[in-house]
Amino acid sequence: MYDVVVVGAGVGGLYSSLVLAYKGFKVALVESKPRGKIGDKTCGDAIGVHHFEHIGLQIPDSVVDHRYRGVKIKSPSEEHEIIVPGEGISVNRVGFGQWLLKNALDRGVELYDEHFLVGVEVREGRVSSVKVKKTGGRVVDLRARFYIDASGARPALRTRLPEDWPISERPYETDFNLAYREVVELESGVSEADIHYAVIYLNARVAPGGYWWMFPKNREGTVVNVGLGVIGGSGFNPRHNYDRYLRDRFKGRVVHAGGGIVPTRRPLPTMVWSNVGSVGDAAYTVNPVHGGGIGSTMEAANILATHLANVLEQGEPDTGNMWEVNLKYLEAYGVKQASLDVLRMYLQRLSNDDFDWIIRNRLVDGSAVYDIGVKGSLGDRVVSSISTVIKLLGRPSLLGELRIVRNYMNKVTTLYRDEYPRSPEGIRSWASRVEELFDEYARLIGFNRGPRVKW
Ligand SMILES: Cc1cc2nc3c(=O)[nH]c(=O)nc-3n(C[C@H](O)[C@H](O)[C@H](O)COP(=O)(O)OP(=O)(O)OC[C@H]3O[C@@H](n4cnc5c(N)ncnc54)[C@H](O)[C@@H]3O)c2cc1C
């Protein structure tokens, strides 16, 4: 019998396990990859250092490939750019994963690598065990007082829970970006001007409903992480677009190639239910606009695991005594995330002409983008400066759209910040209100959310 079984050894599962083991709890960590591959995640590898500061984690230099001074956002024509200042790093994903794993194992976490979660047993409203299986091996039953689903964007555990548990919510296809990326050792390095920046290219032809990126991975600019994301349900294949638009531009030796899905949406209605919790991509803690999820996954894991440790010390976890996790996560990141989901849906409808126009005319500058990213709202200063430019340049329809987006960002912020239920009882009616609000907004801006996913 364990205190906690954690499913998935990505950053979310590793960090949750580490926090819990550090506090003396008996943790089983289940991961389908072999031990040496833990951390090997197809990713852009870029993360803002403020995330590490928030959770007080100091990572060794050995897992940092490169350091950024900020993010550059380039227009589709690539003639204009916005520089958003802010320190970031390119993390060595395998190195980081292995470092977290070593720390977790040193603290006594028991690793079940090469084990897949294949079943969940629910008895009297609680998960009584999970079934895990090694390839070619037998099924093993793992029992615990609490279970954490950290199994990524296609959650293995919470999708096996009863459908009337709000933690099992199924997302829409358009809630995801499908992404493909390669790490390339270039024949000729990137331009000196871009070496110290994570560069994002807005281009609705190359990356419909997403963006494409070029993140240098060393100081010389000779190794880059290049990839793109497209909105789910659109029929576009990111790998085909990579071959078509980017491969010739980034010639060299491919060090790593792979695809993946990113949930670019508001968080799950609840991260906890009964004796189950969820963090990271499994709980949709990714930033909907830029798709970064490493940092917010660790923040979510820190909040869940720290609270859980306190509850486990006093008794058995349940929906009621775990509820505060939702309130803490919303305050730390979730409210902003939900509001940015409104902006994300609008941005996904813009054309290359729109993007070029916006960046060429300096509708927003680096500090405005930074503000939107940090606060998740279109503040008065930003809106008034955008409105002035729009009026001057005469695009009244854009002004109308801006008002709609701002209005719904505010409504969503209020719903998540002020009206989120303080206890589990109100969650179902609150979740219905969220869906109604997003439906209404989608209709207004002509955004087709598509069907819910099958899994
Ligand atoms: C192409 C791409 C680029 C990205 N770029 C960035 C970026 O530059 N910056 C950033 O911050 N974020 C980025 N992200 C998002 C970021 O990678 C994720 O948000 C983050 O890694 C989520 O961590 P996690 O621990 O929740 O999930 P994961 O890292 O996906 O870990 C889940 C783990 O669960 C395991 N698992 C799954 N199913 C089972 C099962 N049935 N049984 C046992 N184990 C199982 C998996 O093997 C995996 O190890 C990107 C994502 C993609 C796909």
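A polar contact is a pair of N or O atoms within 3.5 Å. The exercises below apply to a predicted model.

**Exercise 1.** Determine which backbone atoms make polar contacts with the ligand, and how much of the ligand the protein covers.

*Solution.*
1. Begin with Ser32: one of its polar backbone atoms lies 3.2 Å from a nitrogen atom of the ligand.
2. Proceed to Gly293, where a backbone N or O atom is 2.9 Å from a ligand nitrogen atom.
3. For Ile294, a backbone N or O atom is found 2.9 Å from an oxygen atom of the ligand.
4. On its own the ligand has 1000 Å² of accessible area, and the protein covers 90% of this.

**Exercise 2.** Describe the shell of residues around the ligand.

*Solution.*
1. The ligand is surrounded by 37 residues, of which Glu31, Gly44, Ala46, Arg93 and Asp281 come nearest.
2. By class, the shell comprises 16 nonpolar, 15 polar and 6 charged residues.
3. Elements that each supply at least two shell residues include helix H1 (11-22), strand E2 (27-31) and helix H5 (294-314).

**Exercise 3.** Classify the orientation of helices H7 and H9, and identify the residues in contact.

*Solution.*
1. The axes of H7 (residues 324-347) and H9 (residues 366-375) come within 8 Å and cross at roughly 125 degrees.
2. The two helices are therefore oblique to each other.
3. H7 contributes Lys336, Leu340 and Leu343 to the contact, while H9 contributes Ile372, Gly373, Val374 and Lys375.
4. These residues divide into 4 nonpolar, 1 polar and 2 charged.

Terms used:
Residues are numbered from 1 along each chain as its sequence is written. This is a predicted model: local features need pLDDT of at least 70, side-chain atom pairs count only at pLDDT 80 or more; totals for chains, interfaces and linings use all residues. Side-chain values use heavy atoms; hydrogens and water are left out. Axes are lines fitted to C-alpha atoms, for helices over the stretch in contact, and angles run from 0 to 180 degrees between N-to-C directions. Helices (H or I, at least four residues) and strands (E, at least two) are DSSP runs, numbered from the N terminus. Angles under 35 degrees count as roughly parallel, over 145 as roughly antiparallel, 65 to 115 as roughly perpendicular and the rest as oblique. Contact means heavy atoms within 4.5 Å. Ala, Val, Leu, Ile, Met, Phe, Trp, Tyr, Cys and Pro count as nonpolar, Asp, Glu, Lys and Arg as charged, and the others, Gly among them, as polar. A residue is near a molecule or strand if one of its heavy atoms lies within 4 Å of it. A polar contact is a pair of N or O atoms within 3.5 Å; within protein, one must be able to donate a hydrogen and the other to accept it, and residues adjacent in sequence count only if both atoms are side-chain atoms. Accessible areas come from the Shrake-Rupley method with a 1.4 Å probe; for residues, only the protein chains shown count as cover.
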